[in-house]
Amino acid sequence: MKLDAFSQPIPLRPKSPRTLRRWSAFIIGILVLFSYYCYWGTAPRIVAPSTFDLHQTLISVPSYEHVRNWSAYYTSETHVAGQGWKQAQWTQAKWKEFGVTNTTISSHNTQLPLPTNNQRIILLENDRVFYEPSLVDANTSAGFIPAYFGFSVNANISGSYVFCNFGSEEDFETLAQHNVSLAGNIGIIKLGNASPYVREKNLSIFRALSVINAERAGLIGVVLYTDPGNDGPITEGNGYKTFPAGPARPLEAIERGGFGNIEDENRDALPKIPCIPMSSFDAIQLLSMLNGHGPSAKKLGDRWQEGGLEYYGVDYNVGPSPPGFSLRIINDADILDTQVHNVIGTIPGKTDELVIVGNHRDAWGPGAGDPGSGSAALNEVVRSFGVALQQGWRPERTIIFASFEGEEFAQIGSLLWVTKHVDWLRTSAVAYLNVVVAASGSHFHAKASPLLYSAIRSATDLILSPNQSSAGQSVRDVWGGNITPAGSGDANRFMSIPCVSTVDFGFSPAVGEPVFPYHTGFDNFEWMDRFGDPGWKYHVTSAKLWSLMAAHLAEPSVLNMSVTDYALAFQGWLEEFKTRDLWSPEVDLKVMIDLVERLSRAANRFDSFARSLKESQCTLWNFWTKCGQNPAISGVNKVYIAFERQFYYEPGLDGHTDHHHVLFTPSAWHNTPLAMPGLSKSLQKGDWKNAQVRPLFADIYRVMVLTKTEMERYNN
Ligand SMILES: [Zn+2]
């Protein structure tokens, strides 16, 4: 596909004006200036820089008291996707009260599953109920519903059960090598999602993938639970008390999650075997029944060593379950016609370019961390810009705030909103700035398109870190500056459908910090207040960073972006293939390396030209050529905006018709897949032919040629 900025000639550097032209320009300019101010506001809105400092406002408004109040509200009652109308109305009213008067609710029809009372897991001894795990871990009087997996298939099945570790392809291969019977059985599998310890050990796997692998291995159903072994040192076995008495994971916590949305369901793209969640408390009962039955997991290799239930008497034999004992899974959810409600607040800018700032509002339970910390921080961002508006400030670009509903169901709320506005977003969106979890620990992460690196760096440089080891350290000093490939939550939809540049950032736990009870009934206000973010400093820090990133992109007339950062990121990604030993003489990546070098030179020249426009001061004498009306500036901005769109690949990656970005693959906030997913996956699998011929390679190559040519227009 081609975009306007690349298919139409970009205005080149204007020639020096002659005196007569300068004077005409001056007169016309005065008229333009006059009508401009008339349009954008009356005299009090023209704010002198000496009396109003936007940055100072954005970093002084967010407060601990406010974020704490917002968190208390959002976590107080159920707001799982489909039940979000009340909190949408409340959010709309707040944003209007903050001064963003153009705030509307954009509702979309969809279908979402709700579990019925029939949902059960039962351990049977012959036909007798031997033990029945509970599916409730949150305060049901506040309307929180029993634990379930979104869009797991309805079924009533029974069979022997086996322990399958994290349910990766390697885990199933290991079980097959040890002749463990899998076909027709039910798998008990550990979730490997959000834990920093699991990530550090390289054991991370997305829940749906475990179930898909189980299905391929011939299992008929899956029970997923979160093992305390995921929590590294913070376990009861190591002397830590469980929440609420201490920082360890409560054994009763049940981790929920989604497998997809109604569109995935309708196109038959979801696992065909049922899956139901369970607590560690119940895993102890079921797994200890396997003691002495089948191989010991401890003898199955490194991947199988992280069992945290030994302290409670589980030996981690893999089974199958002893004769006479079986498991029954009844997965029973009604798929109901419903609506999701996105709250959309708009501050009109002086140009039609857009900077979008968003988070999701729906949660599996109370959701203090995911997404309540993001929602509380977003309210402070909106309140900060509201204060600026009251001072008479207006942004250069339009700023849109979005509180999406339905992220937990494969981002159905943002998917419907993005799809509805896709042409507008393609033409005008500069960036989408996302936060899923603003606060749940001290570790800062940023996942972004390289075009947004400078926004992230400048914001994290300006804000002091809440955990300084020496006085005066900024967030960037403590963090170190490593930015991983774009993705995460609703950012996935902006990135994958119209190919808008995105960032997702926030703070999550480091290994050794209190365990984040992600997607459980214990991700509640009390946990956040006492363990996740005592003092609410990370909420406030996230709000300030978010506002500064938005201002960095929305304010300057020449976009604060860098294509040189993109070229450097390419070099880094290709280098990573080398360090991960993915490189092979079978694939000629040299052609790409050469091209990246050429792109880098062209990008440098382009960025320098853009910088020269930025550095030009806007005075009464030169504003015709140097200020916002300068066609060179709008030309440069168009190139920056269109750059990301060039990675759009119409057919979609790996058969996913809505994953159009060739460089980034959709991911959860806690996962960081490699960039260039098609190419890296082919290299990982040793599928050299695929790596060479697939559009994954060819398309990136094409984009580089195209962008290089475009950048060379500025080679003078
Ligand atoms: Zn979530």
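Two residues count as being in contact here if their C-beta atoms, placed from the backbone, lie within 7 Å. That is the sense of "covers" in what follows for helix α8, and the model throughout is a predicted one.

**The four-stranded sheet**

Let's start with the open sheet, where four strands line up in the order β6-β7-β8-β10 with parallel pairing. Its edge strands are β6 (161–163) and β10 (275–277), each of which pairs on one side only. Ignoring direction, neighbouring strands in this sheet are turned by 25° against each other on average. As general background, strands of a sheet pair through backbone hydrogen bonds, either parallel or antiparallel.

Here is how the strand pairs of this sheet look, next to the two pairs that involve β14:

| Strand pair | Sense | Bridges | A bridge pair |
|---|---|---|---|
| β6 and β7 | parallel | three | Val162 and Gly187 |
| β7 and β8 | parallel | five | Ile186 and Gly221 |
| β8 and β10 | parallel | three | Val222 and Cys275 |
| β12 and β14 | antiparallel | five | Ile347 and Ile399 |
| β13 and β14 | parallel | seven | Val355 and Ile399 |

How enclosed is β8 by the rest of the structure? Five of the five residues of β8 are buried, so this strand is largely enclosed. Both of its faces are covered: Gly221, Val223 and Tyr225 sit on one side, Val222 and Leu224 on the other, and all of them are buried.

**Helices on the sheet**

Helix α8 (residues 207–216) packs on the sheet and touches β7, β8 (221–225) and β10. The direction of α8 makes about 150° with that of β8. Which residues of α8 are buried? They are Arg207, Ala208, Ser210, Val211, Asn213 and Ala214. An α-helix has 3.6 residues a turn, so residues three or four places apart point the same way. The cover over the buried residues of α8 includes α6 (169–177), β7, β8, β9 (257–258) and β10. Just after α8 comes Gly218, which takes a positive phi of about 95°.

Helix α10 (residues 280–288) is another one to look at: it lies across β6, β7 and β8, and runs at about 135° to β7.

**Around β14**

Now for strand β14 (residues 398–404), which is mostly covered, with seven of its seven residues buried. Thr398, Ile400, Ala402 and Phe404 point one way from β14, while Ile399, Phe401 and Ser403 point the other way. Two strands pair with β14: β12 (residues 333–347) runs antiparallel to β14, and β13 (residues 354–360) is parallel to β14. If you want one residue to click on, try Ile399, which stands opposite Ile347 and is also the bridge partner of Val355.

**A helix pair**

Finally, helix α14 (residues 453–462) packs against helix α18 (residues 537–554) at an angle of about 135°, with the axes 9 Å apart. The two helices are therefore oblique to each other, and their crossing is right-handed. Which residues meet in this contact? From α14 there are Ala455, Ile456, Ser458, Ala459, Thr460 and Leu462, and from α18 there are Leu545, Leu548, Met549, His552 and Leu553. Sorted by type, the residues of this contact come out as eight nonpolar, three polar and no charged.

Definitions and conventions
Residues numbered from 1 in each chain as written. Predicted model: local features only at pLDDT ≥ 70, side-chain atom pairs only at ≥ 80, totals over all residues. Axes fitted to C-alpha atoms, helices over the stretch in contact; angles between N-to-C directions. Parallel < 35°, antiparallel > 145°, perpendicular 65-115°, else oblique. Left-handed = near helix turned anticlockwise from the far one by under 90°. Nonpolar A, V, L, I, M, F, W, Y, C, P; charged D, E, K, R; others polar. Buried ≥ 20, exposed ≤ 12 C-beta atoms within 10 Å, placed from the backbone. Pairing = 2+ DSSP bridges.
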